[in-house]
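Got your viewer open and a selection box ready? Here is a short walk through the model, one stop after another.

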Amino acid sequence: MDAPLSRTKEAAMAKARTGKPTIAAEKAKAAADAKQVIARNRRARYDYSIDAAYEAGLSLTGTEVKALRMGRASLADAWVELDRYGEAWIHGMNIPVYAMGTWTNHAPTRKRKLLLHKEEIRKLSQRVQAKGYTVVPLELYFIRGRAKVEIALAQGKQEWDKRETIRRREADREAQRAMAAARRRSR
């Protein structure tokens, strides 16, 4: 009589028989692929109307990545520059120094290169040349172990636009509250 197989061997054999990964493997992959948000620029969505969003990689040093994994970063004063050499840079993004770093630590607010395709940079720079458009960072996150920043082509809002946005949001909240109250009463 054969000795009982270990769970990992059983799972491997089950995968071999069915050709599909196990549920635990699917959950582990989903958790690794999930977006882990580090910082959001909430002010950008208030001050600008967002036209198009892009996902860009970041060129970082080791201590910057370790500081980001600790969840420490700020996009509050950050902006994106598209230079004449066809490169995109993010300025003013604050990644505090890594506490365990030594002389290899980074400067907290240095400019960092954004990794985008040339075609994306070309499209962005053409639109930025148009009056009133700019590129703003919206969100900094990890996805599949890589640090990414979501940048957006945006147009500045006037003061009345901002008030209209607030008014619309409050009206939506009131409608949601009224519908929830009606659902509670009907039960």
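Start by selecting Glu64: at 0% relative accessibility, this residue counts as buried. Before going further, keep in mind that the model you are looking at is predicted.

**Stop 1: around Glu64**

Show side chains for Glu64, Arg110 and Arg112, which are linked in a network of salt bridges. Put a distance label on Glu64 and Arg112 first: their side chains meet in a salt bridge at 2.8 Å, N to O. Glu64 sits in helix α4 and Arg112 in strand β5, so you are looking at a link between distant parts of the chain, 48 residues apart. Both Glu64 and Arg112 are buried.

Now label the other arm. The side chains of Arg110 and Glu64 form a salt bridge too, at 2.9 Å, N to O. Here the chain positions are 46 residues apart, with Arg110 in the loop between β4 and β5 (112-115) and Glu64 in helix α4. Is Arg110 buried or exposed? Neither label fits: with a relative accessible area of 28%, Arg110 is partly exposed, because that class covers what lies between the under 20% of buried and the over 50% of exposed.

**Stop 2: His106**

Stay in the loop between β4 and β5 and select His106. This histidine is buried, with a relative accessible area of 8%. What does the His106 side chain make a polar contact with? Draw a line to the side chain of Thr63, at 2.9 Å. Then draw a second line, from the His106 side chain to the backbone oxygen of Pro96, at 3.3 Å.

For the wider surroundings, leave out neighbours within four places in sequence and colour the residues in contact with His106: Thr61, Thr63, Glu64, Ala67, Ile95, Pro96, Val97, Tyr98 and Arg112. Glu64 and Arg112 turn up in that list, and you have already met them as a salt-bridge pair.

**Stop 3: another salt bridge**

Move over to Glu139 and Arg40, whose side chains meet in a salt bridge at 2.8 Å, N to O. Glu139 belongs to strand β6 and Arg40 to strand β1, and the pair links distant parts of the chain, 99 residues apart. Try a surface view on these two: Glu139 counts as buried at 8% relative accessibility, whereas Arg40 is exposed, with a relative accessible area of 54%. If you want to hunt for the rest, the chain has 10 salt bridges by the rule used here.

**Stop 4: the nonpolar cores**

Hide the charged side chains and select Ile90, Leu114, Leu140 and Ile151. Among the 28 residues of the largest nonpolar core, these four touch the most other members. Which elements give two or more residues to this core? Colour β1 (36-40), β2 (48-58), α4 (62-69), β4 (88-91), α5 (118-129), β6 (133-143) and β7 (146-156).

A second, separate core has 5 residues, including Ala44, Val136, Leu138 and Ala152. Give that one its own colour.

Back to Leu114 for a close-up. Setting aside neighbours within four places in sequence, Leu114 is in contact with Ala56, Gly57, Leu58, Val80, Ala88, Trp89, Ile90, Val149 and Ile151. Two of the other core members you selected, Ile90 and Ile151, are in that contact list.

**Stop 5: strands around β7**

Switch to cartoon and pick β7. With β6, this strand pairs in the antiparallel sense over 10 bridges. Look for Tyr133, whose bridge partner in β7 is Gln155. Follow the two strands to their turn: β6 and β7 form a hairpin with 2 residues between them, and Arg144 in the turn has a positive phi of about 50°.

Strand β7 also pairs with β2, again in the antiparallel sense, over 9 bridges. Select Tyr54 and its bridge partner in β7, which is Ile151, a residue you will remember from the largest nonpolar core.

**Last stop: zoom out**

With the whole chain in view, you have 6 helices and 7 strands. From the N terminus on, the elements run α-α-β-α-β-α-β-β-β-α-β-β-α. Of the 187 residues, 26% count as buried. Turn on the surface and the chain exposes about 13,100 Å², with carbon and sulfur atoms supplying 52% of it. If you like contact maps, plot one: among contacts with a separation of 6 or more, residues 24 or more positions apart account for 66%.

Notes:
Residues are numbered from 1 along each chain as its sequence is written. This is a predicted model: local features need pLDDT of at least 70, side-chain atom pairs count only at pLDDT 80 or more; totals for chains, interfaces and linings use all residues. Side-chain values use heavy atoms; hydrogens and water are left out. A nonpolar core is a set of buried Ala, Val, Leu, Ile, Met, Phe, Trp, Tyr and Cys residues joined through side-chain atoms within 4.5 Å. Buried means under 20% relative accessible area, exposed over 50%, partly exposed in between (1.4 Å probe, protein chains only). Helices (H or I, at least four residues) and strands (E, at least two) are DSSP runs, numbered from the N terminus. Contact means heavy atoms within 4.5 Å. A salt bridge is a side-chain nitrogen of Lys or Arg within 4 Å of a carboxyl oxygen of Asp or Glu. A polar contact is a pair of N or O atoms within 3.5 Å; within protein, one must be able to donate a hydrogen and the other to accept it, and residues adjacent in sequence count only if both atoms are side-chain atoms. Accessible areas come from the Shrake-Rupley method with a 1.4 Å probe; for residues, only the protein chains shown count as cover. Two strands pair if DSSP finds at least two bridges between them.
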